[in-house]
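Trainee: Hello! Could we walk through this structure together, one question at a time?
Mentor: Gladly. Have a look at it below, and then ask away.

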Amino acid sequence: MQLRATASSRAKTGCRQVRSGTNGRAPLAATAAAAAAGARRRGALLPRAGRGADAGPSSSGSSDCAVRGIIFDVDGVLCSTEHLSREAAAEVMRRLHGLAVAPDEFIPYGGQGEARFLGGVAEKYGVAGFDLAAATQLFLDVYINTYTRGPAAAGIGFPGAVELVRSCRAAGLATAVASSAERVKVEANLRAAGFGSSDFDAVVSGTGLARNKPAPDIFLNAAAALGLDPSACVVLEDTAAGIAAGRAAGCRVVGVATTMSAEEVEGEGPDAVVPHVGALRVDDLLSLRRRAAAL
C-alpha cells in the first residue's frame with residue numbers, strides 16, 4: 001500500500017489545515033519512512049481488490065490530505081458487542097411482543113441506531129402498536145445491566161483496541177468516537193472496555209441525530225468536532241451502513257471484518273479491510289490511500 005503525502009505536501013492537496021495547536025498535542029511523530037517500513041513488515045491492511053500501489057485520488061477528483069484524525073465506531077470495532085446487542089434486542093421482542101426472534105435477524109439493521117435496529121425487525125414481523133420509545137428503553141436497560149457491568153463486562157473490548165487508540169494519540173493524531181447507538185450505551189461500552197475520558201477528543205452518538213448511518217452526518221459531525229476536514233480523517237467501521245456513511249462523508253474508510261465476512265466487507269467498497277482493530281498500527285493508518293477512481 002502506497003504511503004500518503006507527508007504534512008509538508010498538504011499545501012498541494014487543497015485540504016483545510018488543522019487548527020493550530022489542536023488538543024495541545026505535538027505534530028505527528030511517525031515519519032513516511034517508518035510508516036512504509038511498518039506497513040511492509042506486517043501487511044496489516046488489505047487493499048481493496050483491483051487497487052494497485054499507484055492508486056490515485058478518489059472519484060471526486062480531490063487529492064488525499066495527510067491523515068490527521070481517526071474516527072472509531074464502537075460496536076464491532078472497539079468493542080465485541082454486536083452479537084450482544086442482537087441478543088438484547090431479541091429479548092426485547094420476546095418480552096414486549098412474545099416473539100421468538102433469532103438474534104441474527106437483526107444483522108441487516110445493525111449500525112443504524114436503535115430506531116432502525118429494533119424497528120426494522122418489528123416492521124418485518126408486522127408488530128402492531130410497536131412503541132419505539134418503550135422498546136428502546138427496555139433494550140438499553142437489558143443491554144447495559146446484562147453485558148456492561150460486573151464480571152460480564154470482562155473481555156468486551158477487542159484485543160488491541162485501547163492500545164491502538166492510545167498509540168494514535170501518542171503520534172499526535174486526533175481521535176473520536178462516532179457510534180449510531182444512544183450515548184448511554186456508547187459510554188457504557190467504552191467504560192467496560194477500559195477506555196478513559198482522555199482517550200477521545202470527541203464522542204458523537206446517535207442521540208438526537210436527525211439522520212443516522214448510512215447518512216454521512218455522524219462522521220461530518222465528528223470531523224467538525226476535531227476541527228478537521230473529513231478528507232483528513234480515517235473511519236474504522238464494521239457495517240455496511242457505517243462504511244457507506246464514512247464514504248459519503250468524504251473520509252477514508254477501513255472496513256473491519258467482525259460483523260461481516262472479509263468478502264462482504266470488501267463488497268461495500270472501503271479503502272482497506274482488516275480482520276480486527278488489533279491488526280492495525282498507526283503507520284498503517286497514516287499510509288492509507290483512498291480507493292482508485294476506477295473502483
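Trainee: Let me start with Ala249: is Ala249 buried or exposed?
Mentor: Keep in mind that we are looking at a predicted model. The relative accessibility of Ala249 is 9%. Buried means under 20%, so Ala249 counts as buried.

Trainee: Which residues does Ala249 touch, leaving out those up to four places away in sequence?
Mentor: Ala249 is part of helix 8, which covers residues 240–249. Leaving out residues up to four places away in sequence, the contacts of Ala249 are Pro216, Phe219, Leu220 and Pro230.

Trainee: How far apart are the C-alpha atoms of Ala249 and Ser231?
Mentor: Along the chain, Ala249 and Ser231 are 18 residues apart. In space, the separation between their C-alpha atoms is 8.3 Å.

Trainee: Let's turn to charged residues. How many salt bridges does the structure hold?
Mentor: A general point helps here: side chains of opposite charge can pair when their charged atoms come close. In this structure, the number of salt bridges is 12.

Trainee: Which parts of the chain does the salt bridge between Glu237 and Lys213 tie together?
Mentor: The side chains of Glu237 and Lys213 meet at 2.5 Å, N to O. The two residues are 24 apart in sequence, so their pairing ties together strand 5 (residues 233–237), where Glu237 lies, and the loop between strand 4 (202–204) and helix 7 (217–226), where Lys213 lies.

Trainee: Which residue is linked with Lys213 and Glu237 in a network of salt bridges?
Mentor: Both Glu237 and Lys213 are buried. They belong to a network of salt bridges, and the residue linked with them there is Asp73.

Trainee: Where does Glu105, the partner of Lys124, lie?
Mentor: Lys124 and Glu105 form a salt bridge, with their closest N and O atoms 2.9 Å apart. The pair links distant parts of the chain, 19 residues apart: Lys124 is in helix 3 (residues 114–124), while Glu105 is in the loop between helix 2 (82–97) and helix 3.

Trainee: Is Glu105 buried or exposed?
Mentor: Its partner Lys124 has 47% relative accessibility and counts as partly exposed. Glu105 has a relative accessible area of 17%. Because buried means under 20%, Glu105 is buried.

Trainee: One last pair: is Glu123, which bonds with Arg116 in a salt bridge, buried or exposed?
Mentor: The closest N and O atoms of Arg116 and Glu123 are 3.8 Å apart. Arg116, at 36% relative accessibility, counts as partly exposed. Glu123 has 61%, and exposed means over 50%, so Glu123 counts as exposed.

Conventions. Residues numbered from 1 in each chain as written. Predicted model: local features only at pLDDT ≥ 70, side-chain atom pairs only at ≥ 80, totals over all residues. Heavy atoms only, no water. Salt bridge = Lys/Arg side-chain N within 4 Å of Asp/Glu carboxyl O. Helix = DSSP H or I, 4+ residues; strand = E, 2+ residues; numbered from the N terminus. Buried < 20%, exposed > 50% of the residue type's maximum accessible area, 1.4 Å probe, protein only. Contact = heavy atoms within 4.5 Å.
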